[in-house]
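Biologist: I've got the chain open on my screen and want to go through its strands and charged pairs with you. Can we start with the basics?

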Amino acid sequence: MTDLQRCEIRLGRLVEWTLHPASVGAARALPDDARPPAYVQESHIRTARTVREDGLFVPTWLGTAFDIPGRVELDVLQGALEAWMLRHETLRSGFRWAGDEMRRFTLDSDAVALHREDIGEFADAVTLTRYLQDRFDVAADALTWPNFLFTAVVRDDGASVYMAFDHSNVDAYSLHRITAEIHELYAAGLEGRTIAPEPVASYVDFCADERSDADRIDDTHQVVSRWREFIGRCDGRLPNFPVDLGLDPEGPLPEQRFVQEMLVDAADAAAFEAYCRPYGGSLVGIVAAVALAAREISGLSVYRTVVPFHTRVKSRWAESVGWYVGGAPVEIPVERAVDFDAALELVRAALRDTRALSRMPLARVLRLLGADFRPTSPDLYSILSYVDSRDIPGAARWQELKAYGLIRVSYGDQVCAWVTRVPEGLQFACRLPDTPVADKNMRRCAELLRARIVAVARETGTVGAGGARERDPLAGRGRSHDVRSGA
């Protein structure tokens, strides 16, 4: 994952695809679709509206970028983009307000068409990057529909495709699959072949199913009780990252900055995974290492965070584009971790205990809690996410094709961190408040995370002569730190 400023935008002729005006007009006349929004969609859009009403425009789109080598046939590429869009119903489904109620509408497949516009050449990459970001901010806005934009920067030797979507339609896993799907459809179009698409389950159907299940619980449900207790131990609010971020509690919502770096290479990532496997894999190891880092930075005794997990619990949703993510509250009593192995045991126990809670939408839980959670920030809480992306179709070519998932960095007072296993190793990415204190502490956290991974991989990732693991070399530094997750 990265932002537009770091994905090597090169000059060329910019072309844009939007939903055709005739399709947009048809949508205005549609009756309501009885399938409701997912709770996560409704929470996201209501939060965007609240923040906007408070006078701040906060772009929150996600996107993807990738190259297509060779001279590009724009008609064929447009056909590939349309065919891909028609596979995924959520992209032709939107919401409108009826008073304070969100109501869905959904275009039929035969009403969908894209409109292409040639924007022209740009003189320098900085100007082009700024133009793309500004266009995505408007075209992929949570409070408008359609809320996506497809673009290509075309050169004689190829093109770079940039696509942006409001978060209500996509998660990180959805983004990671796009490169291979568009390449497959484009190649078929060049060869005059028609790919008979396999049926792709609709995220819109998932939204209806999930909401129906969530609406069956009440405020006496165990999941609600567990969240109530967790929030109570967080002083009545959802947790931020537990280090000093230099925030002014009375000040405006701060701007954010983005940090991204490779933590370790593929060999160290594999050794770290092997060491952590008996405890549940790299997710357990990453959470344990970050918890110990937070302890070293701030001296905390309990590390609290929300860990995202995918909700694609049935195989039918595996190839579907949508926002299939729920959060689990996690508490690690790091004061009891005498070494890394002890931290791994604590994290394994915590994740086993709370992972199932991620299947109940948090927005539903908060509604049942009855507390005033009026959002003032686009991020309701801090997250720590781990995703192993190596088995996603096309992952082996991401570096060759300059393929990226894109994050829009704008405003926010929370820390959102993603650790991703890619073929080249482990990548760390983080959105954080743009303050000197937050920058210092989160860079320190990344340094400690890397040090822990390297130490485990190179010095304690092997079994000693006596059959037991060697002592953790970072143990004793004191207080002065394969499970699939989601994003």
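Modeller: Sure, and keep in mind that this is a predicted model. One definition before we start: two strands pair if DSSP finds at least two bridges between them.

Biologist: Then what joins strand 6 to strand 7, and through how many residues?

Modeller: These two strands run antiparallel, with 8 bridges joining them. One of the bridge partnerships puts Phe-150 with Met-163 in strand 7. The connection itself is a hairpin, and the number of residues it goes through is 2.

Biologist: Which strand is joined to strand 6 by 5 bridges?

Modeller: Look for an antiparallel neighbour covering residues 13-19. Arg-13 has Val-154 of strand 6 as its bridge partner. The strand you want is strand 1.

Biologist: Is strand 6 largely enclosed or not, and how many of its residues are buried?

Modeller: In a regular strand, side chains alternate between the two faces of the sheet. Here Phe-148, Phe-150, Ala-152 and Val-154 point one way, Leu-149, Thr-151, Val-153 and Arg-155 point the other way, and all are buried. So strand 6 is largely enclosed by the rest of the structure, the buried count being 8 of 8.

Biologist: On to charges. How far apart in sequence are the parts that Arg-233 and Glu-331 tie together?

Modeller: Side chains of opposite charge can pair when their charged atoms come close. Arg-233 and Glu-331 do this as a salt bridge, at 2.5 Å from N to O. Arg-233 sits in helix 7 and Glu-331 in strand 10, so the parts tied together are separated in sequence by 98 residues.

Biologist: And Arg-364 with Asp-215: which parts of the chain does that pair link, and how many residues apart are they?

Modeller: The closest N and O atoms of this salt bridge are 3.8 Å apart. Arg-364 belongs to helix 11, while Asp-215 is in the loop between helix 6 and helix 7, and the separation is 149 residues.

Biologist: Is Arg-364 buried or exposed?

Modeller: Its partner Asp-215 is partly exposed, at 40% relative accessible area. The cut-off for buried is under 20%. Arg-364 has 11%, so the word for Arg-364 is buried.

Biologist: What about Glu-273, buried or exposed?

Modeller: Glu-273 makes a salt bridge with Arg-277 at 3.8 Å, N to O. Arg-277 is partly exposed at 47%. Glu-273 has a relative accessibility of 6%, so it counts as buried.

Biologist: Last one: how many salt bridges are there?

Modeller: Some are linked in a network of Glu-42, Arg-46, Arg-49, Asp-100, Arg-211 and Arg-367. The count of salt bridges comes to 41.

Conventions. Residues numbered from 1 in each chain as written. Predicted model: local features only at pLDDT ≥ 70, side-chain atom pairs only at ≥ 80, totals over all residues. Heavy atoms only, no water. Salt bridge = Lys/Arg side-chain N within 4 Å of Asp/Glu carboxyl O. Helix = DSSP H or I, 4+ residues; strand = E, 2+ residues; numbered from the N terminus. Buried < 20%, exposed > 50% of the residue type's maximum accessible area, 1.4 Å probe, protein only.
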